[in-house]
Amino acid sequence: MFSTTWCGYCRRLKSQLDAKGIGYKEINIEEVEGTADLVESLNGGNQTVPTVLFPDGSSATNPSLAEVQNRLAA
């Protein structure tokens, strides 16, 4: 999951994933070089977070917990 420290949507999704025991790796786009550019490429030029990359290579921008669960189950 790409995020920033100040993103409320990121904090919400992380707490929901934690509560459900769904593991993730968090990458702060303001601290890891090149990741802001990657997020922009996934979001039509916008640095929108949270952006989640899934094991199948697909991504979702600001997904709900239900969407994350459904995409991981597929």
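**Exercise 1. Decide whether Lys 14 counts as buried or exposed, and find what surrounds this residue.**

Solution. Begin with the accessibility in this predicted model: Lys 14 has a relative accessibility of 15%, and because buried means under 20%, Lys 14 counts as buried. Next, place the residue in the fold, where Lys 14 belongs to helix 1. Finally, list the contacts, setting aside neighbours within four places in sequence: Lys 14 is in contact with Met 1, Tyr 24 and Glu 26.

**Exercise 2. Starting from Met 1, work out which residues Met 1 touches and which residues make up the largest nonpolar core.**

Solution. First take the contacts of Met 1, not counting residues up to four places away in sequence; among them are Cys 10, Leu 13, Lys 14, Leu 17, Tyr 24, Pro 50 and Val 52. Then turn to the largest nonpolar core, which has 9 residues in all, namely Met 1, Leu 13, Leu 17, Ile 22, Val 52, Phe 54, Ala 60, Leu 65 and Val 68. Helix 1 (8-20) and helix 3 each supply at least two residues of this core. Apart from this core lies another, of 7 residues, including Cys 7, Cys 10, Ile 29 and Ala 36. As background, nonpolar side chains in soluble globular proteins tend to be buried together.

**Exercise 3. Determine which residues of helix 2 are buried, and what they pack against.**

Solution. The buried residues of helix 2, which covers residues 35-42, are Thr 35, Ala 36 and Val 39. They lie on the same side of helix 2, because they cover an arc of only 105 degrees around the axis. A general rule helps here: an α-helix has 3.6 residues a turn, so residues three or four places apart point the same way. The buried residues of helix 2 pack against strand 1 (2-3), strand 2 (27-28) and strand 3 (51-53), whereas the face turned away from the buried side carries the exposed residues Asp 37 and Ser 41. After helix 2 comes Gly 44, with a positive phi near 60 degrees.

**Exercise 4. Describe the largest pocket by its volume and its lining.**

Solution. The volume of the largest pocket is about 220 Å³. Its lining consists of 15 residues, of which Met 1, Tyr 24, Lys 25, Val 52 and Leu 53 lie nearest the centre of the pocket. Sorted by class, the lining has 12 nonpolar, 2 polar and 1 charged residues. Strand 3 and helix 3 (65-73) each supply at least two lining residues, and strand 3 gives the most, with 3 residues.

Definitions and conventions:
Residues are numbered from 1 along each chain as its sequence is written. This is a predicted model: local features need pLDDT of at least 70, side-chain atom pairs count only at pLDDT 80 or more; totals for chains, interfaces and linings use all residues. Side-chain values use heavy atoms; hydrogens and water are left out. Buried means under 20% relative accessible area, exposed over 50%, partly exposed in between (1.4 Å probe, protein chains only). Helices (H or I, at least four residues) and strands (E, at least two) are DSSP runs, numbered from the N terminus. The arc is that of the directions from the helix axis to the C-beta atoms. Contact means heavy atoms within 4.5 Å. On a 1 Å grid over the protein atoms alone, a cavity is a set of points where a 1.4 Å probe fits but cannot get out, and a pocket is an open set with protein on both sides within 12 Å along at least five of seven lines; lining residues have an atom within 4 Å of a point. Grid points are joined across faces, edges and corners, and a volume is the space filled by probe spheres set on the points. Ala, Val, Leu, Ile, Met, Phe, Trp, Tyr, Cys and Pro count as nonpolar, Asp, Glu, Lys and Arg as charged, and the others, Gly among them, as polar. A nonpolar core is a set of buried Ala, Val, Leu, Ile, Met, Phe, Trp, Tyr and Cys residues joined through side-chain atoms within 4.5 Å.
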